[in-house]
Amino acid sequence: MKPKNLPTTPSTSDRRTFLKTGGVAAAALLTKGAIAAETPRTLPPLPDNTKTVAAMPTRNLGKTGYKVGIFSLGGQASLEKPANFDVAVPIIERALDLGVNYIDTSSIYGGPERWSEQYVGRVMKTRRNEAFLATKTKERTRDGSLRMIEKSLQLLNTDHVDLWQLHDVGLPEDVDAIFAKGGAMEALIEMHDQKVVRYLGVTGHYRPEALIDAVNRYNFDTILMAMNAADTHIHSFTDKLLPLVVEKQMGIIGMKVPSRGRLLASWTPPSLDAQRHSWEGSAIAHRPGVMTMKDAMNFTLTQPVSTVIIGCDNIAQLEENVHIARNFTPLSNSQMAALNELAAPVAEQSLFFRFTDRSKG
């Protein structure tokens, strides 16, 4: 299918003008000569973690040709806490040792210091070829996004990322800004054409309509979308968005699987005051969840996803998730329906991210 409303890729002279006029401070790092010089650039082969096949089932990441383990490491939880190298770096190292071959992070995880990218970069310095590396831009403009990818490359200790994604597309105005002249889509296409990024993706967890619009405007390689056992109860991605991206043969990455623990019976709600001062407090939780981590992962993995990304607080959680992935067997229709019904009383707290005040940015 031909992309609709495809932004025009800027010319070489336009790029040079941009680089010279303050858009990107260190073009040489970003391009390794790909933009500044007229020399062809090639990407290395796809990453290959030799432990993955024996560690867990793998699935196609859409049409990319990459075989991804069904459990992948998310860049939040311990991986976004400030000055947490002693905890975060061993989690990433252990994930690779256990056969995880996809790591997700973002330019906004860990605040302005971008701690998550720092931790991942510490490991990528020596193990880059073992992980399919995904990061994101929350910026909606071309110039802002180019600054984001430049810094991402610095922090991640690499000259390319395997997947660059538009972060948190939730509203129609997000899509309009991204695809406008001078919008972020121009940066994504430019970096893809210059082989600074291998594939392009879009992400979101708020409402499905904006993502439907985005994937109808451009043939993205992947989508990262919220998919958990409570999803069908409120602004369902599973009902509205999933059939479209399956039809487009996109790589589908599931997130918010345990909903920061709020789906899990082992989770204890923080105090009301603590919740009101946290992002999750957009939907106040009054009770623990209703299922095990195994139930939550198996529910999402039974759907047509390529992999799920889950952030981990510690190595024990990581090892549990890899164990669940290794022993995964698809649930029956009746088991899926039972878990979906079980999640109904905690649907709002488990879908807190669909109640955030988007006017705050």
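Good morning, everyone. Let me open with a question: in which loop does glutamine 249 lie? Glutamine 249 is in the loop that runs between α11 (242-247) and β9 (251-255). Keep in mind that we are looking at a predicted model. With a relative accessible area of 48%, glutamine 249 counts as partly exposed. Leaving aside residues up to four places away in sequence, glutamine 249 touches Gly62 and Lys63. Its C-alpha atom is separated by 8.4 Å from that of aspartate 221, and the two residues are 28 apart along the chain.

Let me step back to the whole chain. The protein chain has 361 residues, and 57% of them count as buried. Its secondary structure comes to 16 helices and 10 strands. If you take the contacts between residues at least 6 apart in sequence, 77% of them join residues at least 24 apart.

Now for one helix I'd like to show you, α4. This helix has 13 residues, and from its first C-alpha to its last it reaches 18 Å, close to the 18 Å expected at 1.5 Å a residue. Which residues of α4 are buried? They are Ala88, Val89, Ile91, Ile92, Ala95 and Leu96. Looking down the axis, you find the buried residues of α4 within an arc of 155°, so they line one face of the helix. As a reminder, an α-helix has 3.6 residues a turn, so residues three or four places apart point the same way. And what covers those buried residues of α4? The cover includes strands β3 (71-77), β4 (102-104) and β10 (307-312), along with helices α5 and α14 (315-326). Just after α4 comes glycine 99, which takes a positive phi of about 105°.

From there we can move into the core. The largest nonpolar core has 93 residues, and the members touching the most others are Phe71, Leu73, Met185, Phe220 and Ile223. Take leucine 73: not counting residues up to four places away in sequence, its contacts include Ile91, Ile92 and Ala95, as well as Tyr102, Ile310 and Leu318. Apart from the largest core lies another one, of 12 residues, among them Tyr66, Ala134, Met255 and Ile309.

Last topic, the aromatics. How many aromatic pairs does the structure hold? There are 9. In one of them, the ring centres of phenylalanine 85 and tyrosine 119 are 4.8 Å apart and the planes stand at 85°, so the pair is edge-to-face. Phenylalanine 85 belongs to helix α4 (residues 85-97) and tyrosine 119 to helix α5 (residues 115-127), so this pair ties together parts that are 34 residues apart in sequence. Tyrosine 119 has 0% relative accessibility and counts as buried. Another edge-to-face pair is that of tyrosine 218 and phenylalanine 220, at 5.0 Å centre to centre with 70° between the planes. Both tyrosine 218 and phenylalanine 220 are buried, and phenylalanine 220 is one we just met in the largest core. There is also an aromatic cluster, formed by Tyr66, Tyr102, Phe132 and Tyr199.

Two rings have a charge over them as well. The charged end of arginine 207 sits over the ring of tyrosine 206, at 4.3 Å from its centre. Lysine 256, in turn, lies over the face of phenylalanine 353, 5.7 Å from the ring centre.

That's my tour, and thank you for listening!

Methods:
Residues numbered from 1 in each chain as written. Predicted model: local features only at pLDDT ≥ 70, side-chain atom pairs only at ≥ 80, totals over all residues. Heavy atoms only, no water. Phe/Tyr/Trp six-rings, centres within 6.5 Å; stacked < 30°, edge-to-face > 60°. Helix = DSSP H or I, 4+ residues; strand = E, 2+ residues; numbered from the N terminus. Buried < 20%, exposed > 50% of the residue type's maximum accessible area, 1.4 Å probe, protein only. Lys NZ or Arg CZ within 6 Å of the ring centre and 35° of its normal. Expected span 1.5 Å × (residues − 1). Arc of directions from axis to C-beta. Contact = heavy atoms within 4.5 Å. Core = buried A, V, L, I, M, F, W, Y, C linked by side-chain atoms within 4.5 Å.
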